Amino acid sequence: MGLKEYRAKRDFKKTPEPAPKPGKKHKQPIFVVQEHHARRLHYDFRLEADGVLKSWAVPKQPTLDPSQKRLAVHVEDHPLDYAFFQGRIPEGQYGAGDVAVWDHGTYENLMEQKPKPMSISQSIAAGRVEVRLHGKELKGGFVLIRLRGQDKRDNWLLIKMRDPYARPGAAGSNGKATASTTVAKAATDKMSTGKTKSPRRTISGRTLAKRKVPVLTHPDKVLFPDSGITKADVFEFYRRIAPWLLPHLRDRPATLERLPEGVKEEGPHFWQKNAPEYYPSWIQRAELPTKDGRVVQYVLVNNIETLLYLVNQGTLTFHVWFSRVQDLAHPDFVLFDLDPGKATFGNAVAVAKTLHSILQKEKIEAFVKTSGKTGLHVLTPWREKGGYDEARAWTLGIAERVVATLPEQATVERSKAKRSGRVYVDVMQNALGHHAVPPYVLRAVPAASVSTPLEWRELTAELDPAQFNLPTIFRRLEKQKKDPAAGLLKS
Ligand code: MN
């Protein structure tokens with residue numbers, strides 16, 4: 001459409017409205033809704049696209065109520081700068097009256113995620129535009145649908161999609177406290193009390209969102225150069241392993257180990273805690289304040305769509321908290337991380353077996369898995385009243401008993417130099433905010449190994465932990481009737 005019509009309608013010597021020139025595109029496209037007190041009050045709904053604002057005049061206030069269809073009259077494109085325009089259009093000029101910004105924010109073009117991706121302009125031409133708005137009043141999915149009719153006007157309907165931001169019954173009077181403002185307020189209240197030690201649960205109410213099957217991009221990108229494993233292979237690995245993996249991730253704040261270019265020495269390697277704003281709203285998040293008063297939106301990997309979306313974003317390994325959002329201050333398992341350092345894997349096996357027998361004497365069920373790197377993880381459910389500090393104190397006591405039994409092979413010495421060829425029994429990770437490698441994740445190492453739960457009888461000095469890797473793991477899992485680590489999931 002361009003800005004010709006916009007220019008033709010206005011006298012820029014008389015109106016304070018911005019000049020008809022295309023603006024510089026924003027990194028994230030923006031939307032704005034302006035309350036326009038013209039002859040008749042209406043709301044101008046505008047979406048940034050192609051350097052201008054695609055615009056609709058909506059006679060009634062847009063709503064989060066999906067049952068309310070708002071007429072939206074498609075009008076001429078406005079310059080991008082118009083998004084920031086507030087003020088009075090003088091008498092006698094086109095659209096005379098006051099203009100105020102009613103809502104604004106960024107948006108995502110959902111038509112881009114369709115099997116046949118479309119730009120906003122293409123979608124307008126096709127008569128259907130779907131966007132996800134990130135505003136203060138308007139949040140979540142909205143659809144604009146062109147009406148067919150004899151009317152000379154270009155009439156559309158603006159309709160809220162059914163998602164967690166939908167407010168059935170809100171009709172017009174947009175509820176002040178939307179899901180995420182409530183969450184944000186809870187977090188801020190918490191921060192102002194200065195209590196950050198035992199975060200309460202604050203989950204965004206997005207669980208009802210319609211999830212989409214994530215798209216795989218760059219399938220041929222080689223992520224593990226030693227073996228030629230591609231992004232498509234990793235995606236397929238996570239798709240197939242999801243039934244084993246997801247129960248171990250469920251409801252636990254996750255830290256993502258992202259290597260978008262794969263396991264390459266010079267490639268990027270991120271540890272990502274905070275879910276960016278552009279992640280789809282159907283991805284569940286747990287909003288948690290940090291010690292220094294920031295708020296982190298942790299992802300909860302609670303379904304296969306989330307898992308695969310994050311894999312497509314370059315996540316190779318998922319790390320999770322020892323506690324779940326329902327009770328973040330209390331871990332539900334503890335970890336003994338057996339790190340051989342300069343010792344052998346056989347030494348780690350010996351230490352694990354000793355640890356196992358000590359735990360058996362205490363009548364505590366224990367589980368063992370390969371770490372996927374050089375060591376072993378021994379895990380036990382934590383069903384005591386105490387929180388992380390108590391759990392860590394208890395594991396340290398057990399670890400010291402292991403060292404007393406095998407002083408030549410095991411140590412709790414934190415300094416690497418003082419370990420002198422002994423296996424480090426690391427229990428310090430049992431702490432609030434720390435995360436562990438769950439069973440069945442791929443590790444970001446050249447061998448593409450998988451952290452694999454074992455039966456205790458399988459654990460021998462001859463065992464080669466490198467045999468559990470992306471290309472081989474499903475041969476094992478096809479024969480596995482039950483997850484050897486399932487006992488961790490009971491609590
Ligand atoms: Mn208007």
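**Exercise 1. Work out the length of helix α6 and what covers it.**

Step 1. Start with the span: α6 takes in residues 345-361, which is 17 residues, and reaches 25 Å from its first C-alpha to its last. That is close to the 24 Å expected at 1.5 Å a residue, where the expected span is 1.5 Å times one less than the number of residues. Helices here are DSSP runs of H or I with at least four residues, strands are runs of E with at least two, and both are numbered from the N terminus.

Step 2. Before going on, know what you're looking at. This is a predicted model, in which local features need pLDDT of at least 70, side-chain atom pairs count only at pLDDT 80 or more, and totals for chains, interfaces and linings use all residues. Residues are numbered from 1 along each chain as its sequence is written.

Step 3. Now pick out the buried positions. A residue is buried if 20 or more other C-beta atoms lie within 10 Å of its own, exposed if 12 or fewer, and partly exposed in between, with C-beta atoms placed from the backbone. In α6 the buried residues are F345, N347, A348, V349, A350, V351, A352, L355 and H356.

Step 4. Look for the cover. It includes the strands β17 (333-339), β18, β19, β20 (410-411) and β21 (423-426), along with helix α7 (388-405). Contact means that the C-beta atoms of two residues, placed from the backbone, lie within 7 Å.

Step 5. Step past the end of the helix: α6 is followed by K363, with a positive phi near 60°.

**Exercise 2. Lay out the sheet beside α6.**

Step 1. Put the strands in order. The open sheet has six of them, running β20-β21-β17-β19-β18-β22, with mixed pairing. Two strands pair if DSSP finds at least two bridges between them.

Step 2. Find the edges. β20 and β22 (453-454) each have a single partner strand, so one side of each is left without a neighbour in the sheet.

Step 3. Zoom in on one pair. β17 and β19 are antiparallel to each other over six bridges, and L335 has L379 in β19 as its bridge partner.

Step 4. Add the helices. α6 lies across β17, β18, β19, β20 and β21, at about 15° to β19. α7 lies across β17, β20 and β21, at about 40° to β17. These angles run from 0 to 180 degrees between N-to-C directions, using axes fitted to C-alpha atoms, for helices over the stretch in contact.

**Exercise 3. Track down the largest nonpolar core.**

Step 1. Get the definition straight: a nonpolar core is a set of buried Ala, Val, Leu, Ile, Met, Phe, Trp, Tyr and Cys residues joined through C-beta atoms within 7 Å.

Step 2. Find its best-connected members. The largest core has 79 residues, and V351 and V425 touch the most other members. The largest share, seven residues, comes from α6.

Step 3. Place the core. Domain 2 (180-320) and domain 3 (333-489) both contribute residues, so the core lies between them; the domain bounds come from an automatic or database domain assignment.

Step 4. List the neighbours of V351. Leaving out residues up to four places away in sequence, V351 touches L338, V402, L406, Q409, A410, V423 and V425. Another core, of 34 residues, lies apart from the largest one and includes L3, V32, L47 and I120.

**Exercise 4. Describe the hairpin of β14 and β15.**

Step 1. Check β14 (residues 285-289) for burial: five of its five residues are buried.

Step 2. Sort them by face. R285, E287 and P289 sit on one side, with A286 and L288 on the other. The general reason is that side chains in a regular strand alternate between the two faces of the sheet.

Step 3. Join the strands. β14 pairs with β15 (residues 295-300) in the antiparallel sense over five bridges, and L288 stands opposite V296. Five residues separate the two strands of the hairpin, and G293 in the turn has a positive phi of about 85°.

**Exercise 5. Examine two loop residues with positive phi.**

Step 1. Take Y440, in the loop between β21 and β22. Y440 isn't a glycine, yet its phi is positive, about 75°. Y440 is buried because 28 other C-beta atoms lie within 10 Å.

Step 2. Turn to A448, also in the loop between β21 and β22. The phi of A448 is positive too, near 50°, and A448 is buried, with 24 other C-beta atoms within 10 Å.
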